[in-house]
Structures are given as C-alpha cells and as structure tokens.
Amino acid sequence: MPMFNVFYIISLLLLSTSAFAEGDLAPESPSFQASAERGKATFDAVCVHCHHLTHEISAVGCPGLEGVLTRHNAEWIDAWLTSPESFAKTNVKAKTVVDANPYGLVMPTLPEMVKEHDRLDIIEFLKTLK
Ligand code: HEC
C-alpha cells in the first residue's frame with residue numbers, strides 16, 4: 001500500500017474518533033441542540049445512584065428531582081452541576097440546599113458534568129420532570 005494511502009486512512013480514523021464523535025459538539029456550535037434523550041442516558045449512568053425522579057428524598061438525603069426547574073432556573077442548575085461544592089461557597093441558595101440536607105452527604109463535583117454540553121443535555125432532561 002503506498003504511504004500516501006496509509007496517512008489518509010490514519011487521518012480519517014483520527015477524525016472519526018475525535019472531532020466528530022457524536023454528542024461532542026460544543027454548545028456554541030450552530031448545530032448543537034441540547035437533548036433530553038442524551039441527558040436521560042447520563043442521568044441513568046450517573047445521577048440515579050443518588051437521586052429519585054420523583055419528589056421523594058433518597059435514603060441518603062438526596063432531594064428528589066421532580067419539578068426541580070420550579071425550584072431553580074436553568075442557569076442556577078448549570079452552575080450547581082459545574083461544582084456544587086464551590087457554588088455553595090458563593091451562592092446563598094446553593095448553601096441553603098446543602099444546609100437543608102441533614103445526612104451530611106454533599107453532592108460531589110462530577111467529572112461527567114465538566115463539559116457544558118453534558119450539563120445542557122441533563123438540564124434539558126430535568127425540564128421534562130414537571
Ligand atoms: C453522590 C450522590 C450524588 C450524585 C451522584 C448526584 N447528586 Fe445531586 N445532590 C446530591 C445531594 C446530597 C444533594 C443535596 C445538596 C447537598 O447536600 O449537596 C444534591 C442536590 C442536587 C440538586 C439540587 C436539588 C434541589 O432540589 O435543590 C440538583 C439539581 C442535583 N443534585 C442534580 C444532580 C444531577 C443532574 C446529577 C447527575 C449528573 C446528580 N445530582 C448527581 C447528591 C448527588
């Protein structure tokens with residue numbers, strides 16, 4: 001196989017695994033659209049260990065997330081998800097949420113919530129929990 005072809009194939013492989021990986025579009029990209037479906041998949045993988053989707057508080061004191069967007073707006077939830085611990089140091093409402101939990105378990109900063117598009121997807125999903 002000529003060298004030229006080898007480089008061509010390698011660059012195609014690199015492109016398909018990085019730049020164009022599905023769901024990896026930056027929020028500022030015109031084709032990005034927050035997806036409740038992707039958000040639900042993240043919820044089922046990450047948040048479900050602590051939170052119920054009803055009003056019910058979990059056994060370890062995590063608030064049920066039903067109607068969460070009636071308690072906080074999307075911008076607040078975005079900041080919360082980015083880092084609950086540091087947000088609670090600067091935001092009075094976030095501190096109130098932490099103080100209201102009598103069990104002493106604090107929501108950690110989650111590696112899955114580092115990327116803005118992942119947070120926007122999960123917020124889109126939380127909006128469906130009326
Ligand atoms: C290790 C357990 C844990 C995980 C995992 C977790 N949380 Fe939490 N979350 C908490 C706890 C505990 C609180 C209550 C505040 C506190 O004490 O930090 C909370 C509070 C919240 C609140 C504020 C709720 C309210 O009614 O004020 C939101 C929103 C939230 N979590 C969303 C999420 C989402 C979305 C995920 C998944 C990406 C997630 N959490 C993952 C433990 C967790």
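The questions and answers below concern a predicted model, beginning with its iron site and moving on to its aromatic rings.

Biologist: Which protein donors does the iron atom of the ligand have?

Modeller: Both lie 2.0 to 2.2 Å from the iron atom of the ligand, and they come from distant parts of the chain, 56 residues apart. One is in the loop between α2 and α3, the other in the loop between α6 and α7. In that order, the donors are His51, through NE2, and Met107, through SD.

Biologist: What arrangement do the 6 donor atoms around the iron atom of the ligand make?

Modeller: Ideal angles for six octahedral donors are 90 or 180 degrees. In this model the 6 donor atoms around the iron atom of the ligand subtend angles of 89 to 180 degrees, and for that reason the arrangement is octahedral.

Biologist: Is His51 buried or exposed?

Modeller: A residue counts as buried when its relative accessible area is under 20%. His51 has a relative accessibility of 14%, so His51 is buried.

Biologist: Which backbone oxygen does the side chain of His51 reach?

Modeller: Leaving aside neighbours within four places in sequence, His51 is in contact with several residues, among them Phe43, Cys62, Leu65 and Met107. Its side chain also reaches a backbone oxygen at 2.7 Å, and that oxygen belongs to Pro63.

Biologist: How is the aromatic pair of Phe43 and Phe125 classed?

Modeller: The two rings are 5.7 Å apart, centre to centre, with 50 degrees between their planes. Planes under 30 degrees apart would count as stacked and those over 60 as edge-to-face, so the pair of Phe43 and Phe125 is tilted.

Biologist: How many residues apart in sequence are the parts that this pair ties together?

Modeller: Both Phe43 and Phe125 are buried. Because Phe43 lies in helix α2 (residues 36-45) and Phe125 in helix α7 (residues 116-126), the pair ties together parts whose separation in sequence is 82 residues.

Biologist: What do the buried residues of α7 pack against?

Modeller: The buried residues of α7 include His117, Arg119, Asp121, Ile122 and Phe125. As a group, the buried residues of this helix pack against α2, α3 and α4.

Biologist: Over which ring does the charged end of Lys93 sit?

Modeller: Ring pairs link Trp76, Trp80 and Phe87 into a cluster. The charged end of Lys93 sits 5.8 Å from the centre of a ring in that cluster, and the ring is that of Trp76.

Technical notes
Residues are numbered from 1 along each chain as its sequence is written. This is a predicted model: local features need pLDDT of at least 70, side-chain atom pairs count only at pLDDT 80 or more; totals for chains, interfaces and linings use all residues. Side-chain values use heavy atoms; hydrogens and water are left out. Rings of Phe, Tyr and Trp (its six-membered ring) pair if their centres lie within 6.5 Å; planes under 30 degrees apart count as stacked, over 60 as edge-to-face and the rest as tilted. Helices (H or I, at least four residues) and strands (E, at least two) are DSSP runs, numbered from the N terminus. Buried means under 20% relative accessible area, exposed over 50%, partly exposed in between (1.4 Å probe, protein chains only). A charge sits over a ring if NZ of Lys or CZ of Arg is within 6 Å of the ring centre and within 35 degrees of the ring normal. Donors are N, O and S atoms within 2.8 Å of the metal (3.2 Å for Na, K and Ca); water is not among the atoms, so sites may look incomplete. Four donors count as tetrahedral if all angles lie between 85 and 135 degrees; four count as square planar and six as octahedral if opposite donors are over 155 degrees apart and all others between 65 and 115; anything else is irregular. A polar contact is a pair of N or O atoms within 3.5 Å; within protein, one must be able to donate a hydrogen and the other to accept it, and residues adjacent in sequence count only if both atoms are side-chain atoms. Contact means heavy atoms within 4.5 Å.
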